[in-house]
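Colleague: Could you walk me through reading a fold like this one? I'd like the general idea each time, then the case at hand.

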Amino acid sequence: MINPAFAGHPFGSAVTPETLKTIFTPHMAWEDKYRQLILLGKQLPSLSDELKEQAREIAGCENRVWLGFTLSAEGKLHFFGDSEGRIVRGLLAVLLTAVEGKSASELLDADPLALFDKLELRAQLSASRNQGLTALAAAVQDAARQA
């Protein structure tokens, strides 16, 4: 079994909510925000087939999406994920930035999608992408309940 902690992504550590605010705030046009999402998604390492098997495939998303987690000795959750879609990979990167390294209680006390609202990213998403995002947020909260 591969340790998912070695799936290594910069989201929640090198890429913080403040970093994302700096990236998205200057862009008013939705096309520019999409471009930024695609660039973020490129920073998300692809998961091996073995890690995809350890993760959960999230139903209700426009593209195939996997999300998994591990619990550290300090009680913090480490999330890892992947998607076949470029935009969805970017959305997943934003979600990982919002939830990475938090305790179960921190995740259960907060809306995993609040960062999307602060960055004004949800308003222009299609209904199916919003549905997928909601499914990802529910998977994060399920992970917190399991931890």
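Modeller: Start with the order of elements. Bear in mind that this is a predicted model. Along the sequence the pattern runs α-α-α-β-β-β-α-α-α-α, which gives seven helices and three strands.

Colleague: And what is the radius of gyration of the protein, set against the globule rule?

Modeller: The radius of gyration is 14 Å, and the globule rule gives 15 Å for 147 residues, so the protein is as compact as a globular protein of that length. Along the principal axes, its C-alpha atoms fill a box of roughly 40 × 30 × 25 Å. As for burial, 46% of the 147 residues count as buried. The accessible surface is about 7,400 Å², with 52% of that belonging to carbon and sulfur atoms.

Colleague: What share of the contacts with a separation of 6 or more comes from residues 24 or more positions apart?

Modeller: That share is 66%. For one residue to look at, take Ala143, which sits in helix H7. Setting aside neighbours within four places in sequence, Ala143 touches Phe69, Leu77 and Phe79. Thr70 is 73 residues away from Ala143 in sequence, yet their C-alpha atoms are 9.0 Å apart.

Colleague: Is Ala143 buried or exposed?

Modeller: Buried: its relative accessibility is 3%, and the cut-off for buried is under 20%.

Colleague: Now helix packing. How do I read that?

Modeller: Two packed helices are described by the angle between their axes and the distance between those axes. Here, try helix H2 (residues 30–42) and helix H4 (residues 86–99): their axes come within 7 Å and cross at roughly 75°. Because angles of 65 to 115 degrees count as roughly perpendicular, that is the label for H2 against H4.

Colleague: Which residues of H2 and H4 meet?

Modeller: H2 brings Tyr34, Leu37, Ile38, Leu40 and Gly41, while H4 brings Arg86, Ile87, Arg89, Gly90, Leu91, Ala93 and Val94. Sorted by class, this contact has eight nonpolar, two polar and two charged residues.

Colleague: Last one: backbone torsions. What should I look out for?

Modeller: Most residues other than glycine have a negative phi. In this model, Glu120 has a positive phi of about 55°, although it is not a glycine.

Colleague: Where is Glu120 placed?

Modeller: Glu120 is in the loop between helix H6 (114–118) and helix H7 (127–146). Glu120 is also exposed, with a relative accessible area of 54%.

Note on methods: Residues are numbered from 1 along each chain as its sequence is written. This is a predicted model: local features need pLDDT of at least 70, side-chain atom pairs count only at pLDDT 80 or more; totals for chains, interfaces and linings use all residues. Side-chain values use heavy atoms; hydrogens and water are left out. Axes are lines fitted to C-alpha atoms, for helices over the stretch in contact, and angles run from 0 to 180 degrees between N-to-C directions. Helices (H or I, at least four residues) and strands (E, at least two) are DSSP runs, numbered from the N terminus. Angles under 35 degrees count as roughly parallel, over 145 as roughly antiparallel, 65 to 115 as roughly perpendicular and the rest as oblique. Contact means heavy atoms within 4.5 Å. Ala, Val, Leu, Ile, Met, Phe, Trp, Tyr, Cys and Pro count as nonpolar, Asp, Glu, Lys and Arg as charged, and the others, Gly among them, as polar. The radius of gyration is taken over C-alpha atoms; the globule rule is 2.2 Å times the number of residues to the power 0.38. Buried means under 20% relative accessible area, exposed over 50%, partly exposed in between (1.4 Å probe, protein chains only). Accessible areas come from the Shrake-Rupley method with a 1.4 Å probe; for residues, only the protein chains shown count as cover.
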